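Biologist: I've got a model open and I'd like to learn how to read its ligand sites. Can you walk me through them?

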Amino acid sequence: MKLINIIKPDDWHLHLREGQILESVLPATVKSFRRAIVMPNLIPPVTDVEMAMTYRQDILNACPGECDFEALMTLYLTDNTSPADVKAAADSPYVHAFKLYPAGATTNSASGVTSLPDLMPTLEAMVEHQVPLLVHGEVTDPDVDVFDREAVFIDHVLSPILQALPGLRVVFEHLTSRQGVEFVMDAGPNVAATLTAHHLYMNRNAMFSKGIRPHHYCLPVLKRETHREALVAAAISGNSKFFLGTDSAPHDRAAKESSCGCAGMYASPVALELYTQIFEDNDVLDKLEGFASLFGPKFYGLPVNKEQVTLKRQEWQVPSVIPAGTEEIVPLCAGETLRWQLI
Ligand code: DOR
Ligand code: ZN
């Protein structure tokens, strides 16, 4: 029976939600990950340190049993975020970054940024205080093809901002395209990226396999196979600019299976196992620990975890649904058999 031990990973991009969903999804994260960068796209969004502290306490209260999970909080960048807000975030030991949602780009992004260049003084404060900007890298122009929105964002938004502010620390979240991989590789050491398990595992055909598959819809949307291959190459390269971020984004089943279904895949219950499978498929299990447990802390300037986890090569079947109070959530890979199991 094959076993692998790695330092307990962190999830550098996670949606935990609130209330019943938070309580239902947190155990899966705590099992696989010691820390997580928690996304602030609640309603209303988490826009200041005080709100982040309240949300952090809610997360701690929802933690099961003897839980040593650490929630690394982020603030939601709006058109009104000021340099003083950046200073307050930098002074808080609990807040680690700002998250940029272009207004209208995705779930709960209505309060997002309408014009990034107009936030120049705020971005300059992020450079001064070395607070990372976590980027949802898509333009929102409805005339731009949905599969091209990441590449257009790089050319029209991110490149000009980094040219103006070469010292800005950026994490390009949930990278989905070859152009994104090339951009991050060519940028300085201040630019990194997270990669989800689902964008490494599936291409866009998964959304249309024998019918429309709402549980395979997320944003940025899955891309064609050549892009998936570029993402896998980046993940297994050993380049420390690329690290693990699940973008686990739970929604009630009814909100997904709808005439206008929400974007987001609930990845936490399978993510670590799926990453392991992908690294095994590419004969690079020795590179998993760097990607999952070392490169993220290096970028964020945080200590590497002391704990270890063990994965066993043993098949298991992913449940078809996960109960969440009176609702249920369909996890990524629902009903599929995976090869690695966390023990
Ligand atoms: O698919 C997504 N779901 N992409 C995002 O950017 C947000 C997330 C969510 O919050 O549901
Ligand atoms: Zn996300």
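Modeller: Sure, and keep in mind that this is a predicted model.

Biologist: Which protein donors does the zinc ion (ligand 2) have, and how far from it do they lie?

Modeller: For a metal, look for N, O and S atoms within 2.8 Å. Here you'll find NE2 of His13, NE2 of His15 and an OD atom of Asp247, lying 2.0 to 2.1 Å from the zinc ion. In sequence, these donor residues follow the spacing H-x1-H-x231-D.

Biologist: Why does the pair of histidine 15 and aspartate 247 tie together parts that are 232 residues apart in sequence?

Modeller: Check where each one lives. Histidine 15 is in the loop between β2 (11-14) and α1 (19-32), while aspartate 247 is in the loop between β9 (242-244) and α9 (253-256), so the pair links those distant parts of the sequence.

Biologist: Now ligand 1. Which residues surround it?

Modeller: Start with the shell, then its chemistry. Among the surrounding residues are His15, Arg17, Asn41, His136, Cys218 and Ala263. The whole shell splits into four nonpolar, seven polar and one charged residue.

Biologist: Which polar backbone atom is 2.7 Å from a nitrogen atom of ligand 1?

Modeller: For polar contacts, look at N and O pairs within 3.5 Å. That backbone atom belongs to leucine 219. Oxygen atoms of ligand 1 join in too: one is 2.8 Å from a polar side-chain atom of histidine 251, and there's a 3.2 Å approach to a polar backbone atom of glycine 264.

Biologist: How much of ligand 1's accessible area does the protein cover?

Modeller: On its own, ligand 1 has 290 Å² of accessible area, and the protein covers 100% of that. As for its location, ligand 1 sits in the largest cavity.

Conventions
Residues are numbered from 1 along each chain as its sequence is written. Chains are lettered from A and ligands numbered from 1 in the order in which they are written. This is a predicted model: local features need pLDDT of at least 70, side-chain atom pairs count only at pLDDT 80 or more; totals for chains, interfaces and linings use all residues. Side-chain values use heavy atoms; hydrogens and water are left out. A residue is near a molecule or strand if one of its heavy atoms lies within 4 Å of it. A polar contact is a pair of N or O atoms within 3.5 Å; within protein, one must be able to donate a hydrogen and the other to accept it, and residues adjacent in sequence count only if both atoms are side-chain atoms. Accessible areas come from the Shrake-Rupley method with a 1.4 Å probe; for residues, only the protein chains shown count as cover. On a 1 Å grid over the protein atoms alone, a cavity is a set of points where a 1.4 Å probe fits but cannot get out, and a pocket is an open set with protein on both sides within 12 Å along at least five of seven lines; lining residues have an atom within 4 Å of a point. A molecule sits in a cavity or pocket if more than half of its atoms lie within 2 Å of its grid points. Ala, Val, Leu, Ile, Met, Phe, Trp, Tyr, Cys and Pro count as nonpolar, Asp, Glu, Lys and Arg as charged, and the others, Gly among them, as polar. Donors are N, O and S atoms within 2.8 Å of the metal (3.2 Å for Na, K and Ca); water is not among the atoms, so sites may look incomplete. Helices (H or I, at least four residues) and strands (E, at least two) are DSSP runs, numbered from the N terminus.
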